[in-house]
Amino acid sequence: MEADGGGISNSVAVAACTAMALFYVAILYSPTLILRLPPPTSFKSFMIRRFVCAAVSSVLSLVVSALILPIRSWEASYLSGVYGIRLDHMWQAVVYPVTLTSLMYAGSLVLKSIALLASWKEQCNDGEGQPSNCTENVLQRFIGKVFSIASNVSAWRNYFVAPITEELVFRACMIPLLLCGGFKTYSVIFFCPIFFSLAHLNHFFEVFTQQNRSLLKASMVVGLQLAYTVIFGSYASFLFVRTGHLIAPLVAHIFCNFMGLPVLYSPRNGIVSFAFVAGMVGFLWLLFPATYPGLYNDSIENCQCWQRYYRTFRFR
């Protein structure tokens with residue numbers, strides 16, 4: 001699991017990653033436990049506090065990792081490249097990962113399409129069969145849905161704050177640290193999600209205390225969540241390592257949060273199960289071709305990124 005280090009010891013890399021993961025969780029409780037602020041007056045104010053805490057944790061993680069990594073230049077463009085924050089090849093880093101990820105949700109997409117078609121037919125019937133009324137009703141519902149999401153603080157958490165801060169901390173900061181600590185690439189891909197799962201352990205206490213669940217039920221619920229986060233964390237780490245683009249795991253993260261757990265089958269529609277199987281076959285078939293590093297970089301022989309796919313390790 002270990003290899004020659006890239007400037008820091010593996011123990012330092014692991015300790016730093018562990019501290020970042022624990023701090024990402026601990027800081028969420030700092031307003032009341034440490035700063036002794038009064039309890040939030042609403043769910044919205046509670047979430048805004050958490051947004052600020054997550055942002056502070058992300059910034060501190062970026063600073064700490066920059067101080068630990070053997071970075072040879074402190075120029076903003078170089079630092080952003082180390083963290084995978086890049087503007088080049090942006091459309092590839094968005095389109096290819098989202099398309100690849102959507103294949104895992106082929107069953108879900110088919111089921112949603114069936115529900116959308118049924119809703120459209122219902123709207124047509126309400127509009128006395130007039131096509132203009134059908135289109136207008138569907139458009140109004142779509143616009144209303146967009147405004148509902150935009151004004152929902154939970155949607156901001158699921159689709160913006162959580163994906164951005166988690167990808168910054170658990171991919172942009174931790175993966176370079178682990179690679180520089182001497183861990184092999186695929187070891188990092190499977191090892192990094194362990195830290196990602198640590199950031200979700202607080203869900204156990206929230207489920208157990210706030211929802212008055214039994215210890216067994218709380219363990220089962222959180223256990224399922226942790227299993228999912230480990231699987232997704234491995235996939236997100238794979239995307240980050242292969243593409244060198246932070247936006248790749250970020251858009252996949254947002255898409256997965258929006259879709260939820262993939263639908264495997266539907267009792268009323270056998271086509272959903274067929275779509276899921278076909279989508280998974282396509283996902284596995286395209287996993288490596290769609291994430292080929294050359295698609296996301298002008299040259300994989302002379303690049304400022306740190307991936308082990310490049311022959312030169314350019315931190316030193």
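Buried means under 20% relative accessible area, exposed over 50%, and partly exposed in between, with a 1.4 Å probe and protein chains only. By that rule, 43% of the 316 residues of the chain count as buried. This is a predicted model, in which local features need pLDDT of at least 70, side-chain atom pairs count only at pLDDT 80 or more, and totals for chains, interfaces and linings use all residues. Residues are numbered from 1 along each chain as its sequence is written, and side-chain values use heavy atoms, without hydrogens or water.

## Fold and surface

The chain has 13 helices and 0 strands. Helices (H or I, at least four residues) and strands (E, at least two) are DSSP runs, numbered from the N terminus. Contact means heavy atoms within 4.5 Å. Among contacts in the chain with a separation of 6 or more, 75% join residues 24 or more positions apart.

Accessible areas come from the Shrake-Rupley method with a 1.4 Å probe; for residues, only the protein chains shown count as cover. The accessible surface of the chain is about 16,800 Å². Carbon and sulfur atoms hold 68% of that surface.

## Annotated spans

An unreviewed UniProt entry lists "transmembrane region" at residues 12–30, 51–71, 91–111, 177–198, 218–239, 246–265 and 271–288. UniProt positions are given in the numbering used here, feature names are shortened, and annotations may be inferred rather than shown by experiment. Two of the listed spans are described here.

| Span | Helix | Strand | Distance between end C-alpha atoms |
|---|---|---|---|
| Residues 12–30 | 84% | 0% | 26 Å |
| Residues 91–111 | 95% | 0% | 28 Å |

## Nonpolar cores

A nonpolar core is a set of buried Ala, Val, Leu, Ile, Met, Phe, Trp, Tyr and Cys residues joined through side-chain atoms within 4.5 Å. The largest one holds 57 residues. Phe170, Met174, Leu178, Phe195 and Tyr235 touch the most other members. At least two residues of this core come from each of α1 (10–26), α3, α4 (76–82), α5 (90–104), α8, α9 (185–198), α11 (215–243) and α12 (247–259). Helix α8 gives the largest share, 13 residues. A second, separate core has 5 residues, including Ala93, Leu250, Val251 and Tyr296.

## Salt bridges

A salt bridge is a side-chain nitrogen of Lys or Arg within 4 Å of a carboxyl oxygen of Asp or Glu. The whole structure contains 2 salt bridges.

One joins arginine 171 and glutamate 167, at 2.8 Å from N to O. The two residues are about one helical turn apart, because they sit 4 residues from each other in helix α8 (residues 153–180). Arginine 171 is buried at 0% relative accessibility. Glutamate 167 is also buried, with a relative accessible area of 0%.

Arginine 86 and aspartate 88 form a salt bridge too, with their closest N and O atoms 2.6 Å apart. Arginine 86 counts as buried at 10% relative accessibility. Aspartate 88 is partly exposed, at 34% relative accessible area.

## A nonpolar patch

Patches are made of residues with over 30% relative accessible area and no salt bridge; like charges are joined within 9 Å, nonpolar side chains (Val, Leu, Ile, Met, Phe, Trp, Tyr) within 5 Å. Phe23, Ile48, Val52, Val56 and Leu60 make a nonpolar surface patch of about 390 Å². Helix α3 (residues 43–68) supplies the largest share, 4 residues. Isoleucine 48 lies in helix α3. Its relative accessible area is 41%, so isoleucine 48 is partly exposed.
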